[in-house]
Amino acid sequence: GRAVVALVALLLGLGVLAHAGMGGLLTGPWYANGDRIVAQAAALLPVLLGAGLELLMPRIRRGGAAAVMAVAVGLCVAGALVQSVAVAQQGLGRFSVVSPDDRLAFSWLAAHVRPGERVLNDHRDGSVWMVEATGGVDLPLFGAKPGGGFEADPDWADRVYLRDHVAEIVTDPRARAVAEQWKVRYVFSGERTFADAPRLVDADALATTAGVTEVFRSGGVRVFELPAS
């Protein structure tokens, strides 16, 4: 019990440091996100309830402690329910990389993309789930991250170039050629990115590009249509 309490306190402390921007000094990159560390501390709390119940067992065995048993079980169940609801609300709401506005954009694209077209996207946002959300109608140019360092792979060079220079598509022949090769007509900019990573598709630049039209917006989600070749 003492060990669990100490570990919970340590994790909470690391979580505070991570939120203060100092998590990288003590943890690996994955745990520089304070919410992940605090979630691990929360996951250990039911262990403390179980330890408390174990300490009460001698009294329960001596008889006359049905009420104690009921209270102990009730505390364990209540703790588990509260934690489950909190995790579901946080995970599906605040921390989900796919927002309701993203799904509205997926539906809009599904009604407008033509067969064989791909949607230019940022693999760091929720756009990689447009395939699942539309039953394969929406096809992103970048799916789930293929692996570390994929952007330096020659096979991805043209697609990466288009992503980085799409705002110059009117004046850049190479960008236009890649868009035509991959049948890219729409560009998707999602509302959230993994771990608040920097965005790779510059929606603000696209909004000021002559010939590019913003055809959908909901919340922080934007869809642009590129000019015809």
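The following is a conversation between a colleague and a modeller about the predicted structure shown above.

Colleague: What kind of model is this, and which residues count for its local features?

Modeller: This is a predicted model, in which local features need pLDDT of at least 70 and side-chain atom pairs count only at pLDDT 80 or more, while totals for chains, interfaces and linings use all residues. Residues are numbered from 1 along each chain as its sequence is written, and side-chain values use heavy atoms, with hydrogens and water left out.

Colleague: How do you know how many helices and strands there are in the protein?

Modeller: Helices (H or I, at least four residues) and strands (E, at least two) are DSSP runs, numbered from the N terminus. By that rule the protein has eight helices and four strands, and along the sequence they follow the pattern α-α-α-α-β-α-α-α-β-α-β-β.

Colleague: What makes the four strands a sheet, and in which order do they stand?

Modeller: Two strands pair if DSSP finds at least two bridges between them. Three bridges join β1 to β2, and these two run parallel; β2 and β4 pair in the antiparallel sense over four bridges, and β3 and β4 (residues 221–225) do so over five bridges, also antiparallel. The result is an open sheet with mixed pairing, in the order β1-β2-β4-β3.

Colleague: Why are β1 and β3 said to stand at the edges?

Modeller: Each of them, β1 (118–120) and β3 (213–218), has a single partner strand, so one side of each is left without a neighbour in the sheet.

Colleague: Which residues are bridge partners in these strands?

Modeller: Val-119 has Tyr-186 in β2 as its bridge partner, and Tyr-186 in turn stands opposite Glu-225 in β4. Glu-214 has Phe-224 in β4 as its bridge partner.

Colleague: Why is β2 called largely enclosed?

Modeller: Buried means under 20% relative accessible area, exposed means over 50%, and partly exposed lies in between (1.4 Å probe, protein chains only). Six of the six residues of β2 are buried, so this strand is largely enclosed by the rest of the structure. Across the 229 residues of the protein, 34% count as buried.

Colleague: Which residues of helix α6 are buried, and what do they pack against?

Modeller: In α6 (residues 157–165) the buried residues are Arg-159, Val-160, Tyr-161, Leu-162 and Arg-163. They pack against β1, α7 (173–181) and β2, where contact means heavy atoms within 4.5 Å.

Colleague: Why does Leu-75 count as partly exposed?

Modeller: Leu-75, which has its place in helix α3 (residues 66–94), counts as partly exposed because its relative accessibility is 49%. Gly-13, in helix α1 (residues 2–19), also counts as partly exposed, because its relative accessibility is 31%.

Colleague: What makes Leu-49, Val-71 and Leu-75 a nonpolar patch?

Modeller: Patches are made of residues with over 30% relative accessible area and no salt bridge (a side-chain nitrogen of Lys or Arg within 4 Å of a carboxyl oxygen of Asp or Glu). Like charges are joined within 9 Å, and nonpolar side chains (Val, Leu, Ile, Met, Phe, Trp, Tyr) within 5 Å. Leu-49, Val-71 and Leu-75 form such a patch on the surface, with about 250 Å² of accessible area together, an area that comes from the Shrake-Rupley method with a 1.4 Å probe, where for residues only the protein chains shown count as cover.
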